[in-house]
Amino acid sequence: MALNVFDHDEYRPPVWKSYLYQLQQEAPHPRRLTCTCEVDNRPKYYGREYHGMISREEADQLLSQAEGSYLIRESQRQPGTYTLALRFGNQTRNFRLYHDGKHFVGEKRFESIHDLVTDGLITLYIETKAAEYIAKMTINPIYEHVGYTTLNQEPTLKKHLPQSPEAPDGPAAVKDDCNAEERLTSLVRRATLRESDLAPKYEKVHNFKVHTFRGPHWCEYCANFMWGLIAQGVKCADCGLNVHKQCSKVVPNDCQPDLRHVKKVYSCDLTTLVKAHNTKRPMVVDMCIQEIEARGLQSEGLYRISGFSELIEDVKLAFDRDGEKADISSNAYEDINIITGALKLYFRELPIPLITYDAYPRFIETAKVSDPEKRLESLHESLKLLPPAHCETLRYLMAHLKRVTQCDKDNLMPSENLGIVFGPTLMRAPDLDAMTALNDIRYQRLVVEMLITNEDVLF
């Protein structure tokens, strides 16, 4: 079969390549070689394919009759360990065999030896016949030309269409809006909570998980067949993109989370949530802050006093269930401390903290700098380490907390107090020992205090 699919650089309409699918159909079928005599001490999870303690030479002689034949033997060199002997390519191949409730020789785990051998024969056959083809699969992917969203969500990707000058929603309009946002002064940004509804183009890596596909499946990156019996490839848990494991290494960081896959608000990765809902920040943050500023800025002990945990849990469930339609008004929750508690809980349950694990050490070191100007400069550089969605959410939160401090005569919550509350909420030590983590608490407080105090300069 001709393998010239990569000979031309120009783009051609996507064709679901069938070469690997045909190879899978041609792969040898498993042939269990049963043992005709009773074998002592046969493990209960093996059947008649178990031949006891026989040598490699004996296994080779038994299997020489047919391609795809297999048996299991106990190792003579290491009693108590087992080997799968498999005939492929006119030679016997031996694999160390394991069982932990399922059978495996590598990463994949199987319910039966028959399935393991079936998958192994398919993989061996395809990798033998099409090694060069597989090595080249990622060179000219359809993904670059049509994008995975055309396969999952939309009929056409806007970025591949010619944009007319009057089209308001094209990439140029997005860029102009972002530039305009950058030109706004901090004072103007702080003056209002009403901002552009147009979500920025945050970059997000795919959240790939090994996946077993039922029925024939083709890779949405290279368009080639995904071979094997189980765990044929990986699937993005956030957007549903299906690709080969090797293709996942070259897929761009352009995950577009789908609400069909992202089914909760709390405990969801922040960037994933904002991209799924097409917003600048998590709606929890926007809605809670707007509610707090509308009726709670003068409330004594704001953020310090805890609301009833059962009602805070109710707010969490409401967001998880209803999203931006959740009712957190005074009619539903009269006590503003319920809303502040729900906001703090959101930040505490983020799988990656608002100030990320990667950026954490730099922020802590910044808090230890004694010179005020150098400390501020270091803090500004530290912010650049945050993912865009995290930085934008932090900016919005700090602007809010600055407004809280402006009412500290009533609420008794200056920046020092807010630092004590929000330090451990926004920052979590990445795998530090207990003593180091304890020592870091005061620096966490200082970081948040500095962010609030210098909000108009830093963001």
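These legends walk through several close-up views of the predicted model shown above.

Local features are described where pLDDT is at least 70 and side-chain atom pairs where pLDDT is 80 or more, while totals for chains, interfaces and linings use all residues. Residues are numbered from 1 along each chain as its sequence is written, and side-chain values use heavy atoms, with hydrogens and water left out.

**View 1. The whole chain has 20 helices and 8 strands.** Helices (H or I, at least four residues) and strands (E, at least two) are DSSP runs, numbered from the N terminus. Of the 459 residues in the protein chain, 46% are buried. Buried means under 20% relative accessible area, exposed over 50%, and partly exposed in between (1.4 Å probe, protein chains only). Among contacts in the protein chain with a separation of 6 or more, 63% come from residues 24 or more positions apart. A contact here means heavy atoms within 4.5 Å.

**View 2. Five strands make an open sheet in the order 1-2-3-4-5, with mixed pairing.** Two strands pair if DSSP finds at least two bridges between them. Strand 1 (31–32) and strand 5 (103–104) stand at the edges with a single partner strand each, so one side of each has no neighbour in the sheet. Strand 4 (residues 91–99) and strand 5 run antiparallel and are joined by 2 bridges. Look for Tyr98, which stands opposite Phe104 in strand 5.

**View 3. Strand 3 sits inside the structure: 7 of its 7 residues are buried, so it is largely enclosed by the rest.** Tyr82, Leu84, Leu86 and Phe88 point one way from the strand, and Thr83, Ala85 and Arg87 point the other way. Strand 3 pairs with strand 2 in the antiparallel sense over 5 bridges, and Tyr70 stands opposite Leu86. With strand 4, strand 3 shares 7 bridges, again antiparallel; here Thr83 has Arg96 as its bridge partner. Strand 3 and strand 4 form a hairpin with 2 residues between them, and Gly89 in the turn has a positive phi of about 65°.

**View 4. Two helices lie across strands of the five-stranded sheet.** Helix 2 (residues 56–63) lies across strand 2 (69–74), strand 3 (82–88) and strand 4, running at about 160° to strand 2. Helix 3 (residues 113–129) lies across strand 2, strand 3, strand 4 and strand 5, at about 45° to strand 3. Axes are lines fitted to C-alpha atoms, for helices over the stretch in contact, and angles run from 0 to 180 degrees between N-to-C directions.

**View 5. An open sheet of 3 strands has the order 6-7-8, with antiparallel pairing.** Strand 6 (208–211) and strand 8 (242–243) stand at its edges, each with a single partner strand, so one side of each is left without a neighbour in the sheet. Strand 6 is joined to strand 7 (residues 233–236) by 4 bridges. Phe208 has Cys236 in strand 7 as its bridge partner.

**View 6. The axes of helix 14 (residues 360–367) and helix 15 (residues 372–383) come within 9 Å and cross at roughly 170°.** The two helices are therefore roughly antiparallel to each other (angles over 145 degrees count as roughly antiparallel, under 35 as roughly parallel, 65 to 115 as roughly perpendicular and the rest as oblique). Helix 14 contributes Arg362, Phe363, Thr366 and Ala367 to the contact, and residues of helix 15 including Arg375 and Leu379 take part too.

**View 7. Helix 16 (residues 388–405) has 18 residues.** From first C-alpha to last, helix 16 reaches 26 Å, close to the 26 Å expected at 1.5 Å a residue. The expected span is 1.5 Å times one less than the number of residues. Of the 18 residues, 16 are buried, so helix 16 is largely enclosed by the rest of the structure.
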